[in-house]
Amino acid sequence: MIRLNDITSKLISYHPKADIELIERAYVYSAKVHQGQIRLSGESYLSHPLEAAHILAQLKMDVICIAAGLLHDVIEDTDAEITEIRDLFGEETANIVDGVTKIGKMNFANREQRQAENVRKMILAMSSDIRVILVKLADRLHNMRTLGFQPEAKQRLIATETLDIYAPLAGRMGINWIKSSLEDLCLFYLEPEIYANIKDATAQRKSEMNAFMDKVKRDLSAKLAEFNIQGTVKARQKHFYSIYKKMSEQNLTVNQVYDILAFRVIVNSIKECYEVLGHIHSVWKPVQGRFKDYVSVPKGNMYQSLHTTVIGPIGQRMEIQIRTWDMNKVAMSGIAAHWKYKEGSIATKADERQFAWLQQLLDWQKDLKDPQEFLESVKMDLFPDEVYVFTPKGDVKAFPKGATVVDFAYGIHSEVGKKCMGGKVNGKMVPIRYQLKNGNIVEIITSQKQHPSKDWLKFVKTPKAKTKIRQWIRTEEREESISLGKNILEKALKHEGVTQSNIFKSEQVSAVAKELSFHSVEDLAAQIGFGKVSAKQIVGRLKPKLGIKENKSQGLVSKVVDRFLRPREGRGIKVDGVSDMLLHFAKCCHPLPGEEVVGFITRGRGITIHQETCRHVKKAAPDRLVPVSWDPSEKEVYPATLRVTTVERKGILADISMILTQKDANIIHAEIKTTVDNKGISFFTIEVESYKQMQDIMSAIKKVKNVLMVERI
């Protein structure tokens, strides 16, 4: 058991001139009023306030705070009165004790309401003295360490409350070691099997991990020495709760979580932090998107560090944090590191920034009378990675940070999400991309004409929304692909002279579908529509079944007729070796003969021809792209638009027009603009036969005097 001397010795180690007389008097008083009280563990009750006070000494708190830690339960669990505490130990100590003391003499409708009011009282007390929450965290940490002596039902209630309120509070205060300790203890009581699995798995890998940590520490230390940087390298295994969160978020088993080791490099200056980062990245490859600069942009609790994840010496991911000694002090103790109540100290701007979140919370919630609403609001502020919003009826919904109106709609119901066309936030119309903010009151606007889009997948955050949108798109694309596939096959059959009605209900098509291992004719048509099965292949299999003999030679008349029957807009293109298909040229890139092209299956419009480098193609689903090639059998013209930037000169447009005439390019549209700096910008839409002809035209225009730039747009 912790003794008074352990506490005072710790205090004097960081505050040699501390007046320990107040702490000694608080110890004597606490021992007196708690005399005869026994904890469920069988220990004297005094062991609990001693443990709490020792935790506060570990946080390097002041004399008043530690004295309050020794006295924190005397009002609630003994006959002591707050007036007596005020008379004996002063106003500050009494206010902290009162702030920590639960509300015991009021009647509440249920346990949740009591919890909400206790948290409200604590939060309000924090606004005048933040030490209230530090004493409460010390109290809760020791209670969690001895929670095993409570009944199982109470264990789960206390652990849930700790995970919901106190662990996030410790994180918000920047006291990460208390946060991690509380989370691990909560996991032990709420998910005992998972806790045991993580513990066993890490124990089995302990020797392997220790060897790995030693090697990385040696390598990092050698790199520091090589560049004459004084620093310390530390290594640790991540906390069990951190491993559990990774397992839950990524649906992994404990043995699939590889980056469970973390390394820390502590140096003397910010400049050295960035130097070390560069040296680490020169040795080990950084993981894309896993670098965070909390030095330039500190967290709300003033935490600062550089975070990077790299591929380590044996191909294993590992996280490395780089910080100065001052940053490390803040990371370990949080608010206590800049303690503004230390004797003779003055609050700094950094201190004020650390308390700003609390003041903002209080200002926001001062008009909330409902205790449950207050508690929900506190939770909103404690989980910065989550957003809490309200339905019009006042129900609270939690979403990941960055979630949108569409996520909210799917959170209500899948049908609401599917028909969502916008929303009202706090009574004002917003688009579906609007990102939700804490406290928003959200109402969804729906329309029977609305339906999900692939674009929605770019901004929704919740797994439910993403899953439902993908399901709808797959169903819709299948229906459209079936229709397109039937259209393509009918055209291919018509080209062969087959005009049989209801061909897709025939036994012959069913037989072909079965031969190709499709479950139905619809499956076959869908694959044709997706471009995964060639219509020519199906026609080849159908003709014998329909009694049509192969026509090995095509007469001159047939060839002429065939040419006139080709769709005009799809001229000059073959799709996978087959002509006579429903084709369009993309207006975004205007492909020309001679350029590399690709076909894109467009809903309800057949196949659209794009340049291979077109930005729309790069974003397209691969299963909707089909190979195409140019068919130079016909002399056709295609549109191309040029932008010509010139210095103003009399006759320059005539010179450009002369070149276009000489190069046999017909101008179908022209637009000329002038700028304030005497430049001319001309747009010419011309008809050309090939990409080569267009390049020749551009080269000739570039040689015209006073032409600055020629671009194809």
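## Arg 86 and Glu 91

Let's start with Glu 91, which is partly exposed, with a relative accessible area of 46%. In this predicted model, the side chain of Glu 91 meets that of Arg 86 in a salt bridge, with 3.2 Å from N to O. Arg 86 is partly exposed as well, and its relative accessible area is 27%. As general background, side chains of opposite charge can pair when their charged atoms come close.

How many salt bridges does the model hold by this rule? The count comes to 17, and a few of them are worth a visit here.

## A pair within helix H9

Next, have a look at helix H9, which covers residues 131–145. Both Lys 136 and Asp 139 lie in this helix, three residues apart, or about one turn. The two form a salt bridge, and their closest N and O atoms are 3.2 Å apart.

Are these two partners buried or exposed? Lys 136 counts as buried, at 5% relative accessibility, and Asp 139 also counts as buried, at 5%. The cut-off behind that label is a relative accessible area under 20%.

## A link across the sequence

Another salt bridge joins Arg 712 to Glu 595, with the closest N and O atoms 2.7 Å apart. Arg 712 belongs to strand S19 (residues 707–712), while Glu 595 sits in the loop between strand S12 (583–585) and strand S13 (597–602), so this pair ties together parts that are 117 residues apart in sequence.

The surroundings of the two partners can be read from their accessibility. Arg 712 counts as partly exposed, at 21% relative accessibility. Glu 595, with a relative accessible area of 10%, is buried. The labels follow from the cut-off, because buried means under 20% relative accessible area.

Salt bridges can also share partners: Asp 62, Glu 92 and Arg 131 are joined in this way into one network.

## A nonpolar patch on the surface

Strand S19 comes up again away from the charged pairs, since Leu 708 is found there too. Which residues form a nonpolar patch on the surface with Leu 708? They are Val 647 and Met 709, and together the three have about 250 Å² of accessible area.

Leu 708 itself is partly exposed, with a relative accessible area of 48%. That places Leu 708 below the exposed class, because exposed means over 50%. If you have the structure open, strand S19 is a handy place to look: Arg 712 lies in this strand, and so does Leu 708.

Conventions:
Residues are numbered from 1 along each chain as its sequence is written. This is a predicted model: local features need pLDDT of at least 70, side-chain atom pairs count only at pLDDT 80 or more; totals for chains, interfaces and linings use all residues. Side-chain values use heavy atoms; hydrogens and water are left out. A salt bridge is a side-chain nitrogen of Lys or Arg within 4 Å of a carboxyl oxygen of Asp or Glu. Buried means under 20% relative accessible area, exposed over 50%, partly exposed in between (1.4 Å probe, protein chains only). Helices (H or I, at least four residues) and strands (E, at least two) are DSSP runs, numbered from the N terminus. Patches are made of residues with over 30% relative accessible area and no salt bridge: like charges are joined within 9 Å, nonpolar side chains (Val, Leu, Ile, Met, Phe, Trp, Tyr) within 5 Å. Accessible areas come from the Shrake-Rupley method with a 1.4 Å probe; for residues, only the protein chains shown count as cover.
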